Amino acid sequence: METKLAKLISYLFHPVLMPTYGFLMLFNQKAYYAMLLTQESKLRLLLIVFMITMVLPLAMIFLLKSMKRVKSLQMNSRKERVLPYMIMTWFNFVLYLVLKGTQISPIYKYFTLGATILIAFAFVVNLRWKISIHMLAIGGMLGMILGLTLQSIILNPIYLLLSIISAGLIGFARLKLNAHTQAQVYAGLLSGIAIMIALAFYY
């Protein structure tokens, strides 16, 4: 039962879904960057984010799977993570370039650039060591919330609590599935938090 739950958590919080979750969270803030967008604009932007960071990368990864280059979406070995990480980095960077050319709030560009940097970081680390990209992604979400909060940009504190709970659940899942060691789980979480907080003050 616990193993099935761990698998479900891993799929629900798969890194390719985190940009979509992040934009949903930002859209629901009672802040200027959310209120400036109409509901139609939010829906259109969310669809773009979902397509570029989730649908297209997954389509490429499924293609790799059909070519026997990837065994599963969980990508348990370092070797099979190389190409998927490159694909995810590229598509997140494409989204950043798309948003950079618009008049949308810098908050969204910051989040997208952060997601790109996090995956690129995972790619580099993966060349020598296996880090948990699931924890890196949720750490990035948590780091974004903390970074924006430290800059007095209003965020609903409920999302901070939800991110902390999610991090605990994801950490449990990755350890339960023996996908990572404790060191890899904590390294992913802390790296994600640190990178996004640092970027929040730079961007």
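**Figure 1. Ser-105 in the loop between α5 and α6.** Ser-105 sits in the loop that links α5 (78-100) to α6. The model shown here and in the other views is predicted. Ser-105 has a relative accessible area of 10%, so the residue is buried. The cut-off for buried is under 20%. Leaving aside residues up to four places away in sequence, Ser-105 touches Tyr-32 and Tyr-33.

**Figure 2. Gln-103 in the loop between α5 and α6.** Gln-103 is also placed in the loop between α5 and α6. Its relative accessibility is 82%, so Gln-103 counts as exposed. Exposed here requires over 50%. The loop therefore holds an exposed residue, Gln-103, and a buried one, Ser-105. A long-range pair gives a sense of scale. Gln-103 and Leu-160 are 57 residues apart along the chain, and 27 Å separates their C-alpha atoms. Leu-160 belongs to α8, where it is among the residues that meet α7.

**Figure 3. Packing of α2 against α6.** Two packed helices are described by the angle between their axes and the distance between the axes. For α2 (residues 18-27) and α6 (residues 106-126), the angle is about 160° and the axes lie 11 Å apart. The two helices are therefore roughly antiparallel. They cross in a right-handed sense. On the α2 side, the contact is made by Met-18, Pro-19, Gly-22, Phe-23, Leu-26 and Phe-27. On the α6 side, Ile-107, Tyr-108, Phe-111 and Thr-112 take part.

**Figure 4. Packing of α7 against α8.** Helix α7 covers residues 133-150, and helix α8 covers residues 157-176. Their axes are 10 Å apart and meet at an angle of about 165°. This angle makes α7 roughly antiparallel to α8. The crossing of α7 and α8 is left-handed, whereas that of α2 and α6 is right-handed. From α7, the contributing residues are His-134, Met-135, Ile-138, Met-141, Leu-142, Ile-145 and Leu-146. From α8, they meet Tyr-159, Leu-160, Ser-163, Ile-164, Ser-166, Ala-167, Ile-170, Gly-171 and Arg-174.

**Figure 5. Asn-178 in the loop between α8 and α9.** Past α8, the chain enters a loop that leads to α9 (182-202), and Asn-178 lies in this loop. Asn-178 is not a glycine, yet its phi is positive, at about 55°. Its relative accessibility is 67%, so Asn-178 counts as exposed.

**Figure 6. The whole protein chain, as context for the close-ups.** The protein chain has 9 helices and 0 strands. From the N terminus on, the order of elements is α-α-α-α-α-α-α-α-α. The C-alpha atoms fill a box of roughly 45 × 30 × 30 Å along the principal axes. The radius of gyration is 16 Å, which agrees with the value near 17 Å for a compact globule of 203 residues. Of the 203 residues, 52% count as buried; Ser-105 in Figure 1 is one of the buried residues. The protein chain exposes about 10,400 Å², and carbon and sulfur atoms supply 70% of that area. Among contacts between residues at least 6 apart in sequence, 74% join residues at least 24 apart.

Note on methods
Residues numbered from 1 in each chain as written. Predicted model: local features only at pLDDT ≥ 70, side-chain atom pairs only at ≥ 80, totals over all residues. Heavy atoms only, no water. Helix = DSSP H or I, 4+ residues; strand = E, 2+ residues; numbered from the N terminus. Rg over C-alpha atoms; globule rule 2.2 N^0.38 Å. Buried < 20%, exposed > 50% of the residue type's maximum accessible area, 1.4 Å probe, protein only. Contact = heavy atoms within 4.5 Å. Areas by Shrake-Rupley, 256 points an atom, 1.4 Å probe, with all protein chains shown as cover. Axes fitted to C-alpha atoms, helices over the stretch in contact; angles between N-to-C directions. Parallel < 35°, antiparallel > 145°, perpendicular 65-115°, else oblique. Left-handed = near helix turned anticlockwise from the far one by under 90°.
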